Amino acid sequence: MRWALVKVSLAVTAMVVIAFAVPLGLVIREMARDRAFSNAEREAAAIAPALSITTDRDQLERVVASTGSDAAMAVHIPSGDGREALGMGRRRAADEDIAAVRRLGRASTSTVPGGSALLQPVALSTGEIAVVEVFVPESEVTNGVGTAWAVLAAVGAALILGSVAVADRLGVRMVRPAQRLVEGAQELGEGKLGARVPEEGPTELRLAAVAFNSMADQVVQLLANERELAADLSHRLRTPLTVLRLNAASLGDGPAAEQTRAAVEQLEREVDTIIRTARDAKPQTAAAGPGAGCDAAEVVRERMAFWSALAEDEGRKWRVAGADRPVRIPVARADLAAALDALLGNVFRHTPEGTAFAVDVHNGEDAVIVLVSDAGPGIPDPEAAMARGRGSGSDGSTGLGLDIVRRLAESTGGDVRIGSSVLGGTEVRVWIQLDGRERAPRRRGHRGAVRRRGPGRLIPTFNRPRSLP
């Protein structure tokens, strides 16, 4: 906007200067010409009385000398037979021009080398017509014209520079508040909730700044209300959790009792984490630092050990592959555990008892793929299942499980895909990107190869379906 105003001002001012300066310069040139020829006419008129009285050379020379222009003046006096009887001064005009003036009886100008000649007719006492020739040099015709043009050019340049400077200041006054508004919007988008914009500048931008600040205040208030609501709802879970913990303590010994108590303790920790996060006024926008993350294989083994008890109760066969070696990923341990619990919970919740399932971990050079597959009926509409908050329509489905998994994968630059598994049911592929560099694929032997499809993509392929234990 700033440069657009400068260009418009430059164009408009230049057109105005040209429209006024060029005609004014032409007028000045004509005025200089008229002034030069007016002076020549006065000089010629100065000797007209003397010519009407006498044609004596000596007397005429004294009259011409008294005018001070004897070098530029010539007098042509004819004789009775039409020839010139007396000539004074340097003759520059042509004979036909002089004859034409004598015949017509009115003044005229003719072009001569170095300038122009004014031919003025004068009636003599004898009835003949004498011609007074006054030489007007070109330098006298253009005297002062160059200076006038230079002054006009300087005034025009000053006007143009002044208009550009004024337009630039006006553009700065308009653009600077707009830039501050853009910067404030970017800061607010980055999670800096204290970003505000000075309410200054033109009326429209000042109103926009007021509206932006009001919107930012409302966003802060809404986030605060949301955090308080999440904290309050999480705090309400403490009472039923306390009852569950007391009941779990009375179950006695055994694997099922230990797993129940462990689940209650983990649920209490998750509730505490939700409350602390909700109470924290600072948004978590920073990326994980160097060394952050967890061992995906260890987390998979731990969660499968938890879910295995329920699988045995429901008669489900299960399998884990690729979790026998450390697999480092840039994901927090709690986040990966929550994502696995969401996927495995969906298997138990949405497939009949006795349905087999498997978890495979594929470690590539630049990505880690976690596959959770089952032998259930499958998902008829994968896109709807991935939509946050829609769920499957069954009891107990909130539609947030797969969204938790998706956000975990996308936080590393990966994604989540839903397809058909080798077991005949649903396969959820969680792509966890390790970094953005291109590397050669690495094969994993009998656990399944990893091949590349397109830039930065590793697709797991199986040599053959594996039977479940």
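**A five-stranded sheet, a cavity and a pocket**

Five strands line up as an open sheet in the order β7-β9-β10-β12-β11, with mixed pairing. The edges are held by β7 (318–321) and β11 (415–420), each of which pairs on one side only. From one strand to the next, the twist averages 15°. Helices here are DSSP runs of H or I with at least four residues, strands are runs of E with at least two, and both are numbered from the N terminus. Two strands are taken to pair if DSSP finds at least two bridges between them. All of this describes a predicted model, where local features need pLDDT of at least 70, side-chain atom pairs count only at pLDDT 80 or more, and totals for chains, interfaces and linings use all residues. Residues are numbered from 1 along each chain as its sequence is written, and side-chain values use heavy atoms, with hydrogens and water left out.

At the β11 edge, six bridges tie the strand to β12 (residues 426–433), and the two run antiparallel. Here arginine 417 sits opposite arginine 429 of β12. Helix α11 (residues 333–350) packs on the sheet and touches β9 (357–363), β10 (367–374) and β12; contact means heavy atoms within 4.5 Å. The direction of α11 makes about 15° with that of β10 (axes are lines fitted to C-alpha atoms, for helices over the stretch in contact, and angles run from 0 to 180 degrees between N-to-C directions).

Helix α11 turns up again in the lining of the largest cavity, giving four residues, the largest share. A cavity is a set of points on a 1 Å grid over the protein atoms alone where a 1.4 Å probe fits but cannot get out; a pocket is an open set with protein on both sides within 12 Å along at least five of seven lines, and lining residues have an atom within 4 Å of a point. The count comes to one cavity of 30 Å³ or more, and the largest has a volume of about 50 Å³, the space filled by probe spheres set on the points, which are joined across faces, edges and corners. Its lining is made up of Leu336, Ala339, Leu340, Leu343, Val370, Val405, Leu408 and Val430. That makes eight nonpolar residues, no polar and no charged (Ala, Val, Leu, Ile, Met, Phe, Trp, Tyr, Cys and Pro count as nonpolar, Asp, Glu, Lys and Arg as charged, and the others, Gly among them, as polar).

The second largest pocket holds about 230 Å³ of space. Its lining divides into six nonpolar, one polar and five charged residues, with Arg269, Glu270 and Phe306 among them.
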